[in-house]
Amino acid sequence: MTDAMTCPQCRSEHAYQDGALWVCPECGHEWSGDAANAAAAGDDVSIRDANGNVLADGDSVIVIKDLKVKGSSSVVKGGTKVRNIRLQEATDGHNIACKIDGIGQMNLKSEFVRKA
């Protein structure tokens with residue numbers, strides 16, 4: 001069996017080979033196992049939202065689910081629009097820095113937002 005591959009769409013490490021295709025059980029994405037496709041997917045370092053849209057600095061996003069604010073009793077409600085985001089490289093997964101009205105500065109994970 002070949003080395004394990006990560007899903008180019010959701011970056012899951014649980015992808016498995018099914019015949020000539022690779023399948024991701026987490027997002028359902030299927031792709032060819034060609035070395036060229038794997039290299040191209042590995043070079044893609046863009047930050048994507050929950051729907052797979054590429055995010056950029058200054059974009060507006062909408063929170064897709066209620067998020068608890070760590071160290072506080074407040075909650076960021078699903079449907080909250082966040083303007084003028086800043087993308088950052090973070091090891092903990094919080095790759096969006098933003099300011100939310102009524103809450104203040106905070107970091108979000110791109111998997112919990114969608115592009116507005």
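**Figure 1. Order of helix and strands along the protein chain.** Read along the sequence, the protein chain of this predicted model follows the pattern β-β-β-α-β-β-β-β-β-β-β-β. Its secondary structure comes to one helix and 11 strands. Among the contacts with a separation of 6 or more, 35% join residues that lie 24 or more positions apart in the protein chain.

**Figure 2. Surface and interior of the protein chain.** The protein chain has 116 residues, of which 26% are buried. About 7600 Å² of the protein chain is exposed, and carbon and sulfur atoms supply 46% of that area.

**Figure 3. The largest nonpolar core.** This core holds 15 residues, and those that touch the most other members are Val76, Val82, Cys98, Met106, Leu108 and Val113. Two or more residues are given to this core by each of strand 4 (61-63), strand 9 (96-100) and strand 10 (104-108), and strand 9 provides the largest share, with three residues. In soluble globular proteins, nonpolar side chains tend to be buried together.

**Figure 4. The surroundings of Cys98.** When residues up to four places away in sequence are not counted, Cys98 touches Val82, Ile85, Arg86, Gly104, Gln105, Met106 and Leu108. Of these neighbours, Val82, Met106 and Leu108 are, like Cys98 itself, among the residues of the largest nonpolar core that touch the most other members.

**Figure 5. A second nonpolar core.** Separate from the largest core, a second core consists of six residues, including Met5, Cys7, Ala15 and Trp22.

Notes: Residues numbered from 1 in each chain as written. Predicted model: local features only at pLDDT ≥ 70, side-chain atom pairs only at ≥ 80, totals over all residues. Heavy atoms only, no water. Core = buried A, V, L, I, M, F, W, Y, C linked by side-chain atoms within 4.5 Å. Buried < 20%, exposed > 50% of the residue type's maximum accessible area, 1.4 Å probe, protein only. Helix = DSSP H or I, 4+ residues; strand = E, 2+ residues; numbered from the N terminus. Contact = heavy atoms within 4.5 Å. Areas by Shrake-Rupley, 256 points an atom, 1.4 Å probe, with all protein chains shown as cover.
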